[in-house]
Amino acid sequence: MEIFFLFEQVVNGLVLAGYYLLIALGLSLIFSVGGIVNLAHGGFYALGAYLAVTLSPHLGFLPAVIASPILVALLGILFERFILRRFYREDPILSLLVTFGLAMVAEQAIRMIWGAAPLSQTMPSDLRGGVVLGPLLFSKYRLIMLGVVLALLTLIWLLLNRSSFGRVVRAGIQNPDMVAALGIRLQPYMTAVVMIGVGLAAVGGALFAPITTVHPAMGAEILTIAFIVVTIGGLGSFWGVVLAAILVGVVRSVTVQYLPAASEASMYILMFVVLLTRPRGLLGERMAKFEG
């Protein structure tokens, strides 16, 4: 029975990994393409959750989960056009300071619009309950979320590796000057990447709203974990971020069951061990854009 219990925790850890991946992957993409340290990323995650909660009574649960990330992605166009675009060629510390200020503004704006009290999202009755697989019991909704994350991960990978859009983005990450010399404007691609990045964060907020507390500071809470995942995986590495999210999710899920007091510290210890042996992260790549 112990091995079955451990397997159940591993599956729960994979669900948690999907949660982290939605936030961290967008964060990594934005930094890789634009060199922007986007500390406001958690604000888009929180906004996705709040919009899903707000729209759900009017549109229904599933339409709200779909509409929320779309609206946030559209907001990402304005975010890129009027804020990020000014800092692509500047010192990354400047974008860090600006997006940090924007994160504070976003949190206070959420407090003004929705109030400081936590909100809750109602899950449809047909998504509640569990799925029994032999001696194992899994939450139906969590398994659905895991499936959604896998589907999105596949779509993003295909977009980045099997399309002309992805080829330009990858070339822009490695050598933007060469891309510009070929007469290709990277600006529209950067806008699209920001839309995808903040949209993924909003998907995370909308999907996890029914099983977590929706509150104004939720963006700041998840941002720390997202940075840990990106650091462990390695900047510029798609599969590095995926692998890091799985490691952090599974380690935290198992630790919280066997050593609850160390569950928070486990991801920091994991990051320390990885960086001690692999300073660029598990699958980090050298990017000429930042290292010369």
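This briefing walks through the overall build, the salt bridges, the strand pair, a surface patch and two individual residues of the chain above. Please keep in mind that the model is predicted. The chain holds twelve helices and two strands. Its radius of gyration is 19 Å, close to the 19 Å that the globule rule gives for 292 residues, so the chain is as compact as a globular protein of that length.

**Overall build**

- Reading from the N terminus, the order of elements is α-α-α-α-β-β-α-α-α-α-α-α-α-α.
- Taken along the principal axes, the box filled by the C-alpha atoms is roughly 60 × 45 × 35 Å.
- Of the 292 residues in the chain, 49% count as buried.
- Among contacts with a separation of 6 or more, 76% are made by residues 24 or more positions apart.
- The chain has an accessible surface of about 13700 Å², and carbon and sulfur atoms account for 70% of that area.

**Salt bridges**

Here is some background for this group: side chains of opposite charge can pair when their charged atoms come close. The count for this model is three salt bridges.

- Glutamate 80 pairs with arginine 85, and their closest N and O atoms are 2.9 Å apart.
- The two partners differ in cover: glutamate 80 has 0% relative accessibility and counts as buried, whereas arginine 85, at 30%, counts as partly exposed.
- Glutamate 107 and arginine 111 form another salt bridge, with 3.0 Å between the closest N and O atoms.
- Both glutamate 107 and arginine 111 sit in helix α4 (residues 92-114), where they are four residues apart, about one turn of the helix.
- In this helix pair, glutamate 107 is buried because its relative accessible area, 14%, is under the 20% cut-off.
- Its partner, arginine 111, is partly exposed, with a relative accessible area of 31%.
- Arginine 252 and glutamate 264 also meet through their side chains in a salt bridge, at 3.0 Å from N to O.
- Arginine 252 belongs to helix α10 (residues 238-258) and glutamate 264 to helix α11 (residues 263-277), so this pair ties together parts that are twelve residues apart in sequence.
- Arginine 252 counts as buried at 15% relative accessibility, while glutamate 264 counts as partly exposed at 43%.

**The strand pair**

- Strand β1 (residues 130-133) and β2 run antiparallel and are joined by four bridges.
- Valine 131 has phenylalanine 138 as its bridge partner in β2.
- As background, the side chains in a regular strand alternate between the two faces of the sheet.
- Strand β2 (residues 136-139) has Leu136 and Phe138 on its covered face, with Leu137 and Ser139 on the uncovered one.

**A nonpolar patch on the surface**

- Ile3, Phe4, Phe5, Leu6, Tyr258 and Leu259 make a nonpolar surface patch of about 550 Å².
- Helix α1 (residues 2-34) gives the largest share of this patch, with four residues.
- Phenylalanine 5 is placed in helix α1.
- The relative accessible area of phenylalanine 5 is 31%, which makes this residue partly exposed.

**Two residues to look up in the view**

- Valine 229 lies in helix α9 (residues 218-233), and this residue counts as buried, at 0% relative accessibility.
- Leaving aside residues up to four places away in sequence, valine 229 touches Tyr20, Ala24, Val241, Ala244, Ala245 and Val248.
- Valine 229 and phenylalanine 82 are 147 residues apart along the chain, and 28 Å separates their C-alpha atoms.
- Glutamine 108 is part of helix α4, and with 42% relative accessibility this residue counts as partly exposed.
- From glutamine 108 to glycine 13, the C-alpha atoms are separated by 32 Å, with the two residues 95 positions apart along the chain.

Note on methods:
Residues are numbered from 1 along each chain as its sequence is written. This is a predicted model: local features need pLDDT of at least 70, side-chain atom pairs count only at pLDDT 80 or more; totals for chains, interfaces and linings use all residues. Side-chain values use heavy atoms; hydrogens and water are left out. Patches are made of residues with over 30% relative accessible area and no salt bridge: like charges are joined within 9 Å, nonpolar side chains (Val, Leu, Ile, Met, Phe, Trp, Tyr) within 5 Å. Accessible areas come from the Shrake-Rupley method with a 1.4 Å probe; for residues, only the protein chains shown count as cover. A salt bridge is a side-chain nitrogen of Lys or Arg within 4 Å of a carboxyl oxygen of Asp or Glu. Buried means under 20% relative accessible area, exposed over 50%, partly exposed in between (1.4 Å probe, protein chains only). The radius of gyration is taken over C-alpha atoms; the globule rule is 2.2 Å times the number of residues to the power 0.38. Contact means heavy atoms within 4.5 Å. Two strands pair if DSSP finds at least two bridges between them.
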